Amino acid sequence: MPELWHEIEITPAFHDLDPMDIVWHGHYVKYLELARNALMARFDYDYPQMRESGYAWPIVDMRLKYVDMLPYGRRAIVRAEIVEWENRIKVDYVIRDAETGKMINKAHTIQVAFNIATREMEYVCPPVLWQKLGVEPT
């Protein structure tokens with residue numbers, strides 16, 4: 001079974017802060033996207049390759065749980081891990097303080113295959129996903 005996870009390091013920029021000098025809650029979505037893109041690029045199935053394969057993968061569900069705050073300049077690690085791939089892509093995320101390891105946020109996203117040619121949602125992931133990830137349906 002391949003390792004279906006990847007980690008990136010982020011350092012919040014000044015423009016990501018809210019009036020309380022912590023990262024505004026909406027910017028966490030951006031951090032998840034950066035980690036998910038890096039994860040999918042690792043398997044050569046980032047957005048351009050998805051499009052070339054004939055599929056778009058819109059997010060249909062996203063959940064975030066804010067456990068702690070992330071202040072300006074504090075380094076954090078964002079871990080993205082694919083935990084489902086048969087009928088949808090479910091990615092679990094954990095954002096941790098890079099120095100202490102303390103959890104800051106946990107989340108998940110769900111994406112489904114959308115056939116670009118037929119303009120229809122697919123209810124089973126296409127084989128190209130399994131090939132790219134090196135997995136088999138269970």
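Rings of Phe, Tyr and Trp, the last taken by its six-membered ring, are paired if their centres lie within 6.5 Å, and a search of the whole structure, a predicted model, finds 4 aromatic pairs on this basis.

**View A. The aromatic pair of F14 and Y72.** The rings of F14 and Y72 are arranged edge-to-face, with 6.4 Å from centre to centre and 80° between the planes. F14 lies in the loop between β1 (5-10) and α1 (27-42) and Y72 in the loop between β3 and β4 (76-84), so the pair ties together parts of the chain that are 58 residues apart in sequence. Both F14 and Y72 are exposed.

**View B. The aromatic pair of Y28 and Y31, and its link to Y66.** Y28 and Y31 also form an edge-to-face pair, for which the centre-to-centre distance is 6.0 Å and the angle between the planes is 70°. The two residues are 3 residues apart in helix α1 and are therefore separated by about one helical turn. Y28 and Y31 are both buried, and ring pairs link them with Y66 into a cluster.

**View C. The surroundings of Q111 in strand β6.** Q111, which is found in strand β6 (residues 103-111), has a relative accessible area of 2% and is buried, because buried means under 20%. Its side chain reaches the backbone oxygen of W57 at 2.9 Å. When neighbours within four places in sequence are left aside, the residues in contact with Q111 are R36, W57, P58, I59, R88 and I89.

**View D. A nonpolar surface patch that includes V60.** V60, M121 and Y123 together form a nonpolar patch on the surface, with a combined accessible area of about 340 Å². Of these residues, V60 is found in strand β3 (residues 59-66) and is partly exposed, its relative accessible area being 48%.

**View E. Positive phi values at D21 and R119.** Most residues other than glycine have a negative phi. D21, although it is not a glycine, has a positive phi of about 65°; this residue lies in the loop between β1 and α1 and is exposed, with a relative accessible area of 51%. R119, likewise a residue other than glycine, has a positive phi near 60°. R119 is placed in the loop between β7 (114-115) and β8 (120-121), where it is exposed, with a relative accessible area of 60%.

Definitions and conventions
Residues are numbered from 1 along each chain as its sequence is written. Side-chain values use heavy atoms; hydrogens and water are left out. Patches are made of residues with over 30% relative accessible area and no salt bridge: like charges are joined within 9 Å, nonpolar side chains (Val, Leu, Ile, Met, Phe, Trp, Tyr) within 5 Å. Accessible areas come from the Shrake-Rupley method with a 1.4 Å probe; for residues, only the protein chains shown count as cover. A salt bridge is a side-chain nitrogen of Lys or Arg within 4 Å of a carboxyl oxygen of Asp or Glu. Helices (H or I, at least four residues) and strands (E, at least two) are DSSP runs, numbered from the N terminus. Buried means under 20% relative accessible area, exposed over 50%, partly exposed in between (1.4 Å probe, protein chains only). A polar contact is a pair of N or O atoms within 3.5 Å; within protein, one must be able to donate a hydrogen and the other to accept it, and residues adjacent in sequence count only if both atoms are side-chain atoms. Contact means heavy atoms within 4.5 Å. Rings of Phe, Tyr and Trp (its six-membered ring) pair if their centres lie within 6.5 Å; planes under 30 degrees apart count as stacked, over 60 as edge-to-face and the rest as tilted.
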